[in-house]
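Dear colleague,

I am passing on the structure we spoke about, with the sequence alongside. My notes on what I found follow directly below it.

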Amino acid sequence: MVVGLHRPSKLIIDAEAIRNNVKHEIERLNDDSELFAVIKANGYGHGIIEMARFTKQAGATGFCVAILDEALTLREAGFTEPILVLGITDVKYARLAADKNISLTVGDQAWLDSAAEIIEQTPLKIHLGLDTGMGRIGFQDEATFKQAASSLERNSKFEFEGVFTHFATADENDATYFNLQVARFQNFIAQLTKRPRYVHVSNTATSLWHAACNGNMIRFGVGIYGMNPSGRALESPFALQPAMSLESELSFSKLVESGRSISYGATYTAEKDEWIGTIPIGYADGYERRLQGFHVLIDGQFCEIVGRICMDQMMVRLPKEYPVGTKVILAGESGGKSISMTDIAEYADTINYEITCGFTQRLPRIYINDGIAK
Ligand SMILES: *Cc1c(COP(=O)(O)O)cnc(C)c1O
């Protein structure tokens, strides 16, 4: 992927905000609890290696990723902490994972039987996933789980390292379904004669709003990046600091006469003479087309995005003449006003997670406050 280094559009990521979010969450945990940083999908778009570094500096003792390749990338970068792959890994890579000391999630007995045939000296670390109501992966009934747990204990090709579940509604006000999942999880755990090293249930939302459920490890994801998993529905118990901002500059600026139209489809027509600025960013950067009509910040003022967003460029209506090179904030703060990832997500009818994950590799990621202040 070609990175736009000679273009002013860039993502700015604040290492100090990342470290503060992780530290504040660790302060809320019991002494016997650990925080594993969820840095899948390139650290929710923030950069996987950098997020591993900053979260580790702040006290994270392990990492969670979605796919084996992300775990391998961390090992290649030299991280020796525990790494758990949260999704299902093709059983043909069981030995590779064992050799790299990567822990895998398993949700059925057949997977274990196949893996046992290919694993050699190094045992594979296993976390058994329990489907208590997410309906995604994991054991659904207690009997098959109990059987898998005892087969793990007996087989020296495996190390039974963890057991976990994932909540579907931890970010909602109504706890009815959440409590149903908790009860099912407790029934599963009651089947065990011996608990594995890690018993874990908490994503960010669970740890923020249902901390009493936390086992001895949490899988802290979106909160690392300073985003509220509920959007605006629930208030975070501490102030999350947004880590990512998106900036650019005007690449073109002109006075448009009344009656002239802007961009594909000519969907916007100037009603009077207007100053229109062009910004070199578009949907190929992950700034989605459906954000037409939303706004950016220029000189502390909201400026509407007019006309369709193109692949690489878009236009905004300026309150007055601003020259080429004027700074544009697409996410972040300017003159006491701000645009959050949640603001963007609401306008685009999605969640903040999808916005930061959606920024493509064409946008350079610039890290600030990288050194640890003493
Ligand atoms: C992605 C994921 C998390 C992290 O979720 P956040 O809402 O970002 O905290 C935790 N657990 C599992 C199983 C996940 O897939």
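Strands β2 and β3 run parallel and are joined by three bridges, with Val-38 having Cys-64 as its bridge partner in β3. Please bear in mind throughout that this is a predicted model. Cys-64 also stands opposite Leu-84 in β4, and β3 and β4 are again parallel, with three bridges between them. Both faces of β3 are covered, since Gly-62 and Cys-64 on one side and Phe-63 and Val-65 on the other are all buried.

On its other side, β2 (residues 34-38) is joined to β9 by four bridges, also in parallel, and here Glu-34 has Met-217 as its bridge partner. These strands belong to an open sheet of eight strands with parallel pairing, in the order β8-β7-β6-β5-β4-β3-β2-β9. Its edge strands, β8 (198-200) and β9 (217-220), each pair on one side only, and the twist from one strand to the next averages 25 degrees.

Helix α4 (residues 68-76) packs on this sheet, where it touches β3 (62-65), β4 (83-88) and β5 (103-106), and its direction makes about 165 degrees with that of β4. Together, β3, α4 and β4 make a right-handed β-α-β unit.

As for the aromatic residues, the structure holds nine aromatic pairs, and Tyr-44, Tyr-225 and Tyr-353 form one aromatic cluster. Separately, Arg-197 lies over the face of Tyr-198, at 4.3 Å from the ring centre.

With best wishes

Note on methods: Residues numbered from 1 in each chain as written. Predicted model: local features only at pLDDT ≥ 70, side-chain atom pairs only at ≥ 80, totals over all residues. Heavy atoms only, no water. Phe/Tyr/Trp six-rings, centres within 6.5 Å; stacked < 30°, edge-to-face > 60°. Lys NZ or Arg CZ within 6 Å of the ring centre and 35° of its normal. Pairing = 2+ DSSP bridges. Helix = DSSP H or I, 4+ residues; strand = E, 2+ residues; numbered from the N terminus. Axes fitted to C-alpha atoms, helices over the stretch in contact; angles between N-to-C directions. Contact = heavy atoms within 4.5 Å. Buried < 20%, exposed > 50% of the residue type's maximum accessible area, 1.4 Å probe, protein only. Right-handed = clockwise from strand over helix to strand, strands pointing away.
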